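Here is a friendly walk through one protein model, from its pockets to a few individual residues. Have the coordinates open as you read.

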Amino acid sequence: MSDEPEDIYEEIQQPQTPIKPYSDSSELIRHNLRGMFQTWFLEYASYVILERAVPHIDDGLKPVQRRILHAMKTIDDGRLNKVANIVGTTMQYHPHGDASIKDALVQLGQKELLVETQGNWGNILTGAPAAAARYIEARLSLFALDVLYNPKVTEWTVSYDGRKREPVTLPAKYPLLLAQGAEGIAVGLSSKILPHNFNEIIDASIAYVRGHDFELYPDFMTGGLIDVGRYNDGKRGGAVKVRAKIEKLDNKTLNITELPFGKTAESLIESILKAFERGQIKIRKVENNTAAEASILVHLQPGTSSDKTIDALYAFTDCEVNISPNCCVIHDNKPCFLGVSDVLRHSVDTTRRIIEAELQVSLGEYREQLLYASLEKIFIEERIYKDREYEEAVVLEDAIMHIDRRLDPYKSLLTREVQRDDILRLLKNEEDTPF
């Protein structure tokens, strides 16, 4: 008897389904590819645009930033939290890896507006990275707590796994998008919004509220000089020219004290050395003394003009860069290309609506307090609790109906109609109630 399973082998060799002609198969493939591009690719592109790369105009945040700030609020107790703990909490809302969350949190912390930091959070001047998440700590700033949160006027949605709820947008009462800036690359479009000065944003907001004209121009934490002649309100097609600030210490030494936006001391030095190798500038050596402040010493060769070297540095190195802004934001659940003045106006109008909603909520709460205080006062002063009908009531509904009848003369003076739950609350707090 043979050990080989001949019967099984023969059965496997038999084709299970007839093979279709080549022409039918190719038509089927073409149909599937067309469907993939029409559905899957568009869904992927929409997801990247709406859920990852482009900030929302209402609060100026990308989804990962919004989820980080929401997660920090859920665990906020006034003390610093380990970044690793913040990242873990954010992963309950953000369906991506911990590395992207940590990087986004570090960027928020380096902007020194919404997040207070402790530990080594890197250096935007040198390009040094932040320490590991288990070593650094953070908490929400007082500014963030004041202008960014109010659960009573927040629109909520469920998280990606349905276990939690997260805000659609945070009720931001300040143009965070213009203060922090934003940059992202999506599918088919990109966004690059430059940061602006905190106080200038406030001044422009006040001017808009008063009906005056205003202008907003970028301002960078790394300093430098800027030419805004072609800024075009931050719209597509505009451009700004940014220069490093170069000082002459003496005829043989230059000191770069402020950097162009987007450049670090190391990347700037690298561009200087490349220009030297190409023979475009004549230098002896470059020293990087950048720490809390930028300081790059450029030592010139003997007989070299410092003024001509400064011109050459601007012409052939990253001491001068051109930046093309592109104010792309999510508005009405779709990407829109606007100007920074449009973003400011929308933010001010949104702030008005948020403040009005907060006042309406507060007014409603005060009216509820007044209503209950009035009901309690009437219940006690009119000695309704001593009525025979109330004391002898056996069924709760009978007691409720009696109290409701006794309140009839006063209902026109109350802030709203008396409901069954109001009377139940009154009975619940009454110590001598028979129920």
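Helices here are DSSP runs of H or I with at least four residues, and strands are E runs of at least two, numbered from the N terminus. By that rule T90 sits in helix α4, which covers residues 83–90. Please keep in mind that this is a predicted model.

**T90 and its surroundings**

Is T90 buried or exposed? Its relative accessibility is 0%, and because buried means under 20% relative accessible area, T90 counts as buried. Leaving aside residues up to four places away in sequence, T90 touches R67, I68, A71 and I101. One of these contacts, R67, turns up again below in the lining of a pocket.

**The two largest pockets**

The table sets the two pockets side by side.

| Pocket | Volume | Lining | Nearest the centre |
|---|---|---|---|
| Largest pocket | about 1,400 Å³ | 47 residues | Q107, Q110, K111, Q180 and G181 |
| Second largest pocket | about 350 Å³ | 20 residues | L50, E51, R66, R67 and V168 |

Which element gives the largest share of the lining of the largest pocket? That is α5, with seven residues. At least two lining residues each come from α2 (22–53), α3 (63–74), α5 (98–110), α7 (176–180), β6 (182–185) and β7 (190–193). By class, the lining of the largest pocket holds 20 nonpolar, 16 polar and eleven charged residues.

For the second largest pocket, the lining has twelve nonpolar, four polar and four charged residues. Around the second largest pocket, residues nearest the centre include R66 and R67. Two or more residues of this lining come from each of α2, α3, β4 (156–158) and β5 (165–167). Helices α2 and α3 thus appear in the lists for the largest pocket and for the second largest pocket.

**A hairpin**

Strands β10 (residues 245–250) and β11 (residues 253–258) pair in the antiparallel sense, with five bridges between them. Two residues make up the hairpin connection from β10 to β11. If you would like a place to begin tracing the pairing, K245 has E258 in β11 as its bridge partner.

**Cysteines**

How many disulfides does a search of the whole structure find? The count is zero. C328 is one cysteine without such a bond: the nearest cysteine sulfur belongs to C336 and lies 7.7 Å away. A disulfide needs two cysteine sulfur atoms within 2.5 Å, so the 7.7 Å separation between the sulfurs of C328 and C336 does not qualify. C328 is buried, with a relative accessible area of 0%, and C319 is likewise buried, at 0%.

**Two loop residues with positive phi**

Most residues other than glycine have a negative phi. Against that background, D233 has a positive phi near 60°, and N333 has a positive phi near 65°. D233 belongs to the loop between β8 (225–227) and β9 (240–243), while N333 is found in the loop between β15 (328–331) and β16 (334–337).

How do these two loop residues stand in accessibility? D233, with a relative accessible area of 21%, is partly exposed. N333 reaches 61% relative accessibility and counts as exposed, because the exposed class begins over 50%.

Definitions and conventions. Residues are numbered from 1 along each chain as its sequence is written. This is a predicted model: local features need pLDDT of at least 70, side-chain atom pairs count only at pLDDT 80 or more; totals for chains, interfaces and linings use all residues. Side-chain values use heavy atoms; hydrogens and water are left out. Two strands pair if DSSP finds at least two bridges between them. On a 1 Å grid over the protein atoms alone, a cavity is a set of points where a 1.4 Å probe fits but cannot get out, and a pocket is an open set with protein on both sides within 12 Å along at least five of seven lines; lining residues have an atom within 4 Å of a point. Grid points are joined across faces, edges and corners, and a volume is the space filled by probe spheres set on the points. Ala, Val, Leu, Ile, Met, Phe, Trp, Tyr, Cys and Pro count as nonpolar, Asp, Glu, Lys and Arg as charged, and the others, Gly among them, as polar. Buried means under 20% relative accessible area, exposed over 50%, partly exposed in between (1.4 Å probe, protein chains only). Contact means heavy atoms within 4.5 Å.
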